[in-house]
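Colleague: Please take a close look at a single part of this model, the one you would choose yourself, and set out where it sits and what it pairs with. I would like the cut-offs stated as you go.

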Amino acid sequence: LAWLRKLPDDLPSALERSLATVRGVLQRTHDRAGASAELRLVESADLLLGEPRVEHRVRRLWPGGRLPPAAPKAVVFDMDGTLTEAGNVDFSAMREMVGAAPGERVDICQRLRDET
């Protein structure tokens, strides 16, 4: 939301900077403390408050900018376990539950909607 507030008329740039900020915090956490460490937010203030290094660019996925009806309307990042407990989301079990073959690309939510 911070980048959207700073760049209200430039959604692609706001998304790029948001992604770069999250990526930078995760990278710094991993580099300084290992994979099981708490997020290094305080130590990453320069990334959170400054201009992040954008390595990935946004591009339009759908012609004309209109999303298809089944397109995601939002993306939620749960980085601190507020919505789920870390490690307790079993994607293998979910895939098995909807009958997905190993290696098959499947939209688990859509399969569940189709079954109801």
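**The loop after α3 and its partners in α2**

Modeller: V58 is found in the loop that runs between α3 (45–49) and α4 (91–97), helices being DSSP runs of H or I with at least four residues and strands runs of E with at least two, numbered from the N terminus. The model is a predicted one, in which local features need pLDDT of at least 70 and side-chain atom pairs pLDDT 80 or more, whereas totals for chains, interfaces and linings use all residues. Residues are numbered from 1 along each chain as its sequence is written, and side-chain values use heavy atoms, without hydrogens and water.

As a frame for this loop, the protein chain has five helices and zero strands, and 16% of its 116 residues count as buried (under 20% relative accessible area; exposed is over 50%, partly exposed in between, with a 1.4 Å probe and protein chains only). Among its contacts with a separation of 6 or more, 33% are between residues 24 or more positions apart, where contact means heavy atoms within 4.5 Å.

V58 itself counts as partly exposed, because its relative accessibility is 37%. Together with L4, L11 and L15, V58 makes a nonpolar surface patch of about 330 Å²; such patches take residues with over 30% relative accessible area and no salt bridge, joining nonpolar side chains (Val, Leu, Ile, Met, Phe, Trp, Tyr) within 5 Å and like charges within 9 Å, with areas from the Shrake-Rupley method and a 1.4 Å probe, only the protein chains shown counting as cover for residues.

The loop is also linked to helix α2 through charged pairs. Side chains of opposite charge can pair when their charged atoms come close. The structure holds five salt bridges, each a side-chain nitrogen of Lys or Arg within 4 Å of a carboxyl oxygen of Asp or Glu. One of them is formed by R57 and E16, whose closest N and O atoms are 3.0 Å apart; this pair links distant parts of the chain, with R57 in the loop between α3 and α4 and E16 in helix α2, 41 residues apart. The two ends sit in opposite settings, R57 being exposed with a relative accessible area of 60% and E16 being buried at 8% relative accessibility.

Another salt bridge joins R17 to E51, with the closest N and O atoms 2.6 Å apart. Since R17 lies in helix α2 and E51 in the loop between α3 and α4, this pair ties together parts that are 34 residues apart in sequence. Here R17 counts as buried, at 18% relative accessibility, whereas E51 counts as exposed, at 54%. Leaving aside neighbours within four places in sequence, R17 is in contact not only with E51 but also with W3, L7, P52 and V54.

Further along helix α2 (residues 11–33), T21 also has its place and counts as buried, at 8% relative accessibility. Under that same exclusion of sequence neighbours, T21 is in contact with W3, L47, L48 and P52. R28 is another residue of helix α2, likewise buried at 17% relative accessibility, and with the exclusion applied again R28 is in contact with E43, S44, D46 and L47.
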